[in-house]
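Let's take a walk through this protein, going from its charged side chains to its rings and then to its empty spaces. Keep the 3D view open as you read.

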Amino acid sequence: MATEKSVIAENLERIRERVARAAGRAGRRVEDVTIVAVSKTFPFEAIRAAYDAGLRHFGENRVQEWESKRERVADLEATWHLIGHLQGNKARRAAGLFNRVDSVDSLGLAQKLDAAVAEGVGTEAARLISSEKSQRNALRVATGQAGATKSGAANGERLRVLIEVSLGGESTKSGVAEADLAMLAEGVGGLANLELLGLMTIPPFLDDPESVRPYFRKLRELRDGLVRRVGRPLPVLSMGMSHDFEIAVEEGATEIRVGTGIFGERKLNQ
């Protein structure tokens, strides 16, 4: 595992250097770009290694897979993103397991997440994540060192979400159509227990990353139009993955989702 840890740290350093160069080309601050490590299919040891290398945001695709790993990393002070398609029947579980749901694609799903937070699902799940963490935080509060660490939608917090937008017209990918985005954004913005932060997209996979630039530019333009329509900031643009994140950064990404670039290739059967 020591070798794997060093490889992950080296990979992350290279990713950071590329982000810095892309940000520089666009006249942006590298501090304004967050790397979300896509840890789906990778074991909890890989998450810990990436955390030790300085990462604090992690993305998982499936509720069930994250449930199998979360107790092994519950002591880490990280932000856990659900970045995969979420079925409505798993909304209650997701609301308690994740700090962020980055793949809202319908008002019905948003309403189920909102209802789950209202019912206190997040609070219950947060208590179950790690009794050790809960005890440590209670001790810190008792000794006046700090407040308890909040997790997910616990302790009365709203659940932070992104709307996933489908821009490539691919039937195999989820996301709201561009024509329906404004209506969905207004609907999500009206839910008391959700906080809409911005937009996410997964463009078509193209061999030439430069060919993906129009999709990233379009998402930024859609976000800017929504800001004018709803009259409040939508600061997050989650776009760009291991093969095209530099183009995404140049086009305004505030979050990039990098998996293989950090952890290495996934097994074919995964």
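Is Arg-220 buried, exposed or partly exposed? Bear in mind that this is a predicted model. Arg-220 comes out as partly exposed, because its relative accessible area is 24% and the buried class stops under 20%.

Now look at what Arg-220 holds on to. Its partner is Glu-251, and the closest N and O atoms of this salt bridge are 2.7 Å apart. Arg-220 sits in helix H9 (residues 213-230), while Glu-251 belongs to the loop between H10 and strand E9 (255-258), so the bridge ties together parts that are 31 residues apart in sequence. Glu-251 itself is buried, with a relative accessible area of 5%. The pair doesn't stand alone, either: salt bridges with shared partners join Arg-18, Arg-25, Glu-210, Arg-213, Arg-217, Arg-220, Glu-246, Glu-250 and Glu-251 into one network.

Two members of that network are worth a visit. Arg-25 and Glu-246 meet through their side chains in a salt bridge, at 4.0 Å from N to O. Here the link runs between distant parts of the chain, as Arg-25 is in helix H1 (residues 2-25) and Glu-246 is in helix H10 (residues 245-250), 221 residues apart. Glu-246 is partly exposed, at a relative accessible area of 21%.

As a general point, side chains of opposite charge can pair when their charged atoms come close. In this model the count comes to 22 salt bridges. Another one to find is Asp-32 with Arg-29, where the closest N and O atoms are 2.9 Å apart. Asp-32 counts as partly exposed at 34% relative accessibility, and Arg-29 is exposed, with a relative accessible area of 52%.

On to the rings. The structure has four aromatic pairs. Take Trp-66 and Trp-80: their ring centres are 4.6 Å apart and their planes meet at 35°, so this pair is tilted. It also links distant parts of the chain, with Trp-66 in helix H3 (residues 63-69) and Trp-80 in strand E3 (residues 79-82), 14 residues apart. Trp-66 is buried, at a relative accessible area of 2%, and Trp-80 is buried too, at 8%. Zoom out a little and you'll see these two tryptophans join Phe-58 and Phe-98 in one aromatic cluster.

There is also a charge over a ring to look for. Arg-56 lies over the face of Tyr-51, 3.6 Å from the ring centre.

Finally, the empty spaces. The model has one cavity of 30 Å³ or more, and the volume of the largest cavity is about 50 Å³. Residues that line it include Glu-164, Val-165, Ser-166, Lys-173 and Ile-202. Strand E5 (residues 159-166) gives the largest share of this lining, three residues. Sorted by class, the cavity lining has three nonpolar, five polar and three charged residues.

What about the largest pocket? It holds about 720 Å³ of space. Its lining has 26 residues, and nearest the pocket's centre are Val-38, Lys-40, Asn-61, Ile-202 and Met-241. By class, the pocket lining has 10 nonpolar, nine polar and seven charged residues. Ile-202 is a handy landmark here, since you'll find it in the lining of the largest cavity and again by the centre of the largest pocket.

Terms used:
Residues numbered from 1 in each chain as written. Predicted model: local features only at pLDDT ≥ 70, side-chain atom pairs only at ≥ 80, totals over all residues. Heavy atoms only, no water. Phe/Tyr/Trp six-rings, centres within 6.5 Å; stacked < 30°, edge-to-face > 60°. Helix = DSSP H or I, 4+ residues; strand = E, 2+ residues; numbered from the N terminus. Buried < 20%, exposed > 50% of the residue type's maximum accessible area, 1.4 Å probe, protein only. Lys NZ or Arg CZ within 6 Å of the ring centre and 35° of its normal. 1 Å grid on protein atoms, 1.4 Å probe; cavity = no way out; pocket = protein on both sides within 12 Å on 5 of 7 lines; lining within 4 Å. Points joined across faces, edges and corners; volume = space filled by probe spheres on them. Nonpolar A, V, L, I, M, F, W, Y, C, P; charged D, E, K, R; others polar.
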